[in-house]
Structure formats: C-alpha cells, structure tokens
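Thanks for sharing this one. Here are some notes to read with the structure open beside you.

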Amino acid sequence: MTRPWRRERRRALLACLLLLVAYFVVPVEPDPDRARLLVRSTITGVLVASIAWLVTRQVRRQLRVDESAAGREVPSLLKLAVALVAGILAFALADFVIARSLPGQFANLETRIDALYFALTTLTTIGYGDVYPHGQLARAAVCAQMVFSIGVIATGVSIVVRRLVPGTSPPAPSALTPAVPPEPGPAGSRPSGPQAGPEDGPQDGPEPGPGGSRPNGPQDGASPGEPGATAAGPRR
C-alpha cells in the first residue's frame with residue numbers, strides 16, 4: 001500500500017473515532033418542552049435519513065466499479081467504510097432517542113452502549129433477545145433498520161472486505177489474459193522451429209547451384225522440342 005493510501009486510511013480511522021465520540025457526547029436527554037422535543041426528534045430523523053442516503057449512494061457507486069479498477073478506488077472504499085460506521089451509529093442513536101423520549105418502547109435499553117449493542121445484533125441478525133422493541137413506534141423503526149442493514153450495510157461491508165482485505169479479491173485480469181501469439185517476421189523469412197505443411201517434404205528437381213544458378217539440362221516438365229529445353233553440349 002502506497003503512502004497516499006496509508007494517509008487516507010489514517011484519515012478514515014480518525015473519522016470513525018470522531019463519529020464514535022460524537023455518538024457518546026451528543027445530548028439526547030428528554031426535554032419537558034414539547035416544542036424542543038419535537039425539534040430534536042425532527043433533527044434526529046433528518047440525520048438518520050441523510051446518513052442512510054449517503055451510505056446507499058456510496059454502495060451503489062462501488063457496485064458499478066469494475067473489479068480491475070478496485071485498486072484505484074481505495075479512497076472511495078474508505079469513504080464507504082466511514083459511511084457504514086456512521087449508519088450504524090445513527091440507527092443506534094435513533095433507538096436510544098426513542099427509548100429515552102418514550103419509555104416503554106424498548107425493553108432493557110437503558111444506555112448508549114445498550115443501543116449500540118442492539119444495533120449491532122440487529123445488523124448481524126443474531127438477536128439474543130435481551131434487548132428488544134416493545135412498543136409500536138420502536139418496532140416500526142427496527143423494521144426499517146433491519147431492511148436497511150440487510151440490504152445496504154451488509155452489502156457495503158462485503159464490498160469493503162472483498163476489495164481492501166488482502167487475499168479476498170479475485171485474481172488480477174493479467175493472470176486470466178491468454179498469451180498473445182508471436183507476430184510474423186519480415187516477408188520471405190520462415191519462423192524458427194519445425195512447421196507442419198507440404199513445404200517440409202523433399203523438393204523435386206536438383207538444388208540450385210552457387211549464386212542461385214541452376215545446372216544445364218532439361219527442365220522439369222518440358223520436352224526436348226520445346227523452347228527452353230536445351231541440352232548441354234561440349235563447348236568449342
């Protein structure tokens with residue numbers, strides 16, 4: 001991995017850590033003022049919808065990328081990894097907001113760790129049953145979370161693992177390219193090695209003499225009376 005990619009990887013790791021810190025420090029305490037509570041709920045909903053749209057866009061972009069060009073898309077893959085982390089944290093935060101604003105919607109969801117734990121168990125389809133939605137609003141939110149997790153987040157995680165982790169990507173296209181046959185030589189030259197064909201057989205008639213001259217005598221296929229069929233005689 002080259003130095004620019006290492007820098008991009010460090011930036012992606014730092015972004016994930018900042019998102020995790022923001023998840024634990026953002027204020028979501030219940031507010032007795034219904035107007036402020038409505039504003040908070042609206043902001044949370046817009047945030048979750050925006051992150052879901054961002055993750056979906058990144059996954060669709062990577063699905064259109066050719067495998068041979070995956071090496072040049074490392075920065076985009078790292079952005080996708082950060083977006084996936086943001087998506088998981090956003091759904092965990094939404095579950096925690098619902099649990100704190102409307103007690104009784106979730107069972108045994110008391111802290112942010114519980115919400116993150118529930119989001120991860122929902123993503124991995126494990127479902128231990130110790131934390132579960134109890135109210136109708138919580139169940140509707142979890143249904144949307146399950147569809148998004150299985151259809152988008154799981155696909156994005158598989159793309160990141162397949163293209164970034166060594167040994168999980170398909171072989172390079174050069175290994176699958178057939179060998180190119182050798183180009184023919186200049187005109188009149190024959191390739192080295194035995195060639196199958198009628199030219200390998202014995203040639204009729206005597207071999208040419210020095211300088212390309214042929215010996216005197218009747219030519220093949222010509223009778224003595226025809227022009228060109230001269231007989232060798234003594235020189236005077």
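The points below start with the overall layout, then go through the helices, the surface patches, the loops and some contacts in space.

1. **What kind of model this is.** Please keep in mind throughout that this is a predicted model. Every number in this note is therefore a computed one, taken from a prediction.

2. **Overall layout.** The protein contains six helices and two strands. Reading from the N terminus, the order of elements is α-α-α-β-α-β-α-α. The protein has 236 residues, and 28% of them count as buried.

3. **Helix α3.** With 28 residues, α3 should span 40 Å at 1.5 Å a residue, and its end C-alpha atoms are indeed 40 Å apart, so expectation and model agree. This helix is mostly covered, with 22 of its 28 residues buried. One residue to look at here is A86, which is found in helix α3. A86 has a relative accessible area of 12%, so it falls under the 20% cut-off and is buried. In space, the C-alpha of A86 is 7.6 Å from that of C16, although 70 residues separate the two in sequence.

4. **Helix α4.** This helix covers residues 112-123, twelve in total, and its first and last C-alpha atoms are 16 Å apart, close to the 16 Å expected at 1.5 Å a residue. Its buried residues are R112, A115, L116, F118, A119, T121, T122 and L123. It may be worth displaying R112 together with the others, since this arginine is on the buried list too.

5. **From α4 to α5.** L123, one of the buried residues of α4, has its C-alpha 9.0 Å from that of F148, with their positions 25 residues apart in sequence. F148 belongs to helix α5, which runs over residues 136-164. Is F148 buried or exposed? Its relative accessible area is 11%, which is under 20%, and F148 is therefore buried.

6. **The nonpolar patch.** On the surface, L20, V21, F24, V25 and I113 form a nonpolar patch with about 430 Å² of accessible area together. Which helix gives the largest share? That is helix α1 (residues 3-25), which supplies four residues. V21 is placed in helix α1, and its relative accessible area of 48% makes it partly exposed, because that value lies between the 20% and 50% cut-offs.

7. **T111 and F24.** A patch member, F24, has its C-alpha 9.9 Å from that of T111, and the two are 87 residues apart along the chain. T111 sits in the loop between β1 and α4. At 38% relative accessibility, T111 counts as partly exposed.

8. **The positive patch.** A second surface patch, this one positive, is made by R57, R60, R61, R64 and K79. Helix α2 (residues 34-63) gives the largest share of the positive patch, three residues. R57 is in helix α2. I would suggest viewing this patch and the nonpolar one in turn.

9. **Two positive phi angles.** Where do the positive phi values of N108 and T125 fall? N108 has a positive phi of about 65° although it is not a glycine, and this residue lies in the loop between β1 and α4. T125, also not a glycine, has a positive phi of about 55°. T125 comes just after α4, in the loop between that helix and β2 (132-133). The relative accessible area of T125 is 56%, over the 50% cut-off, so T125 is exposed.

10. **P103 and G135.** P103 is in the loop that links α3 (74-101) to β1 (106-107). Its relative accessible area is 69%, which means that P103 is exposed. From C-alpha to C-alpha, P103 and G135 are 9.3 Å apart in space, while in sequence they are 32 residues apart.

11. **Where to look again.** For a second look, I would pick A86 with C16, whose C-alpha atoms are 7.6 Å apart, and F148 with L123, at 9.0 Å. Next, please check the backbone at N108, with its positive phi of about 65°, and at T125, with its positive phi of about 55°.

Definitions and conventions
Residues are numbered from 1 along each chain as its sequence is written. This is a predicted model: local features need pLDDT of at least 70, side-chain atom pairs count only at pLDDT 80 or more; totals for chains, interfaces and linings use all residues. Side-chain values use heavy atoms; hydrogens and water are left out. Patches are made of residues with over 30% relative accessible area and no salt bridge: like charges are joined within 9 Å, nonpolar side chains (Val, Leu, Ile, Met, Phe, Trp, Tyr) within 5 Å. Accessible areas come from the Shrake-Rupley method with a 1.4 Å probe; for residues, only the protein chains shown count as cover. A salt bridge is a side-chain nitrogen of Lys or Arg within 4 Å of a carboxyl oxygen of Asp or Glu. Lys and Arg count as positive and Asp and Glu as negative; His and the chain ends are not counted. The place of a charge is taken as NZ of Lys, CZ of Arg, CG of Asp or CD of Glu. The expected span of a helix is 1.5 Å times one less than its number of residues. Buried means under 20% relative accessible area, exposed over 50%, partly exposed in between (1.4 Å probe, protein chains only).
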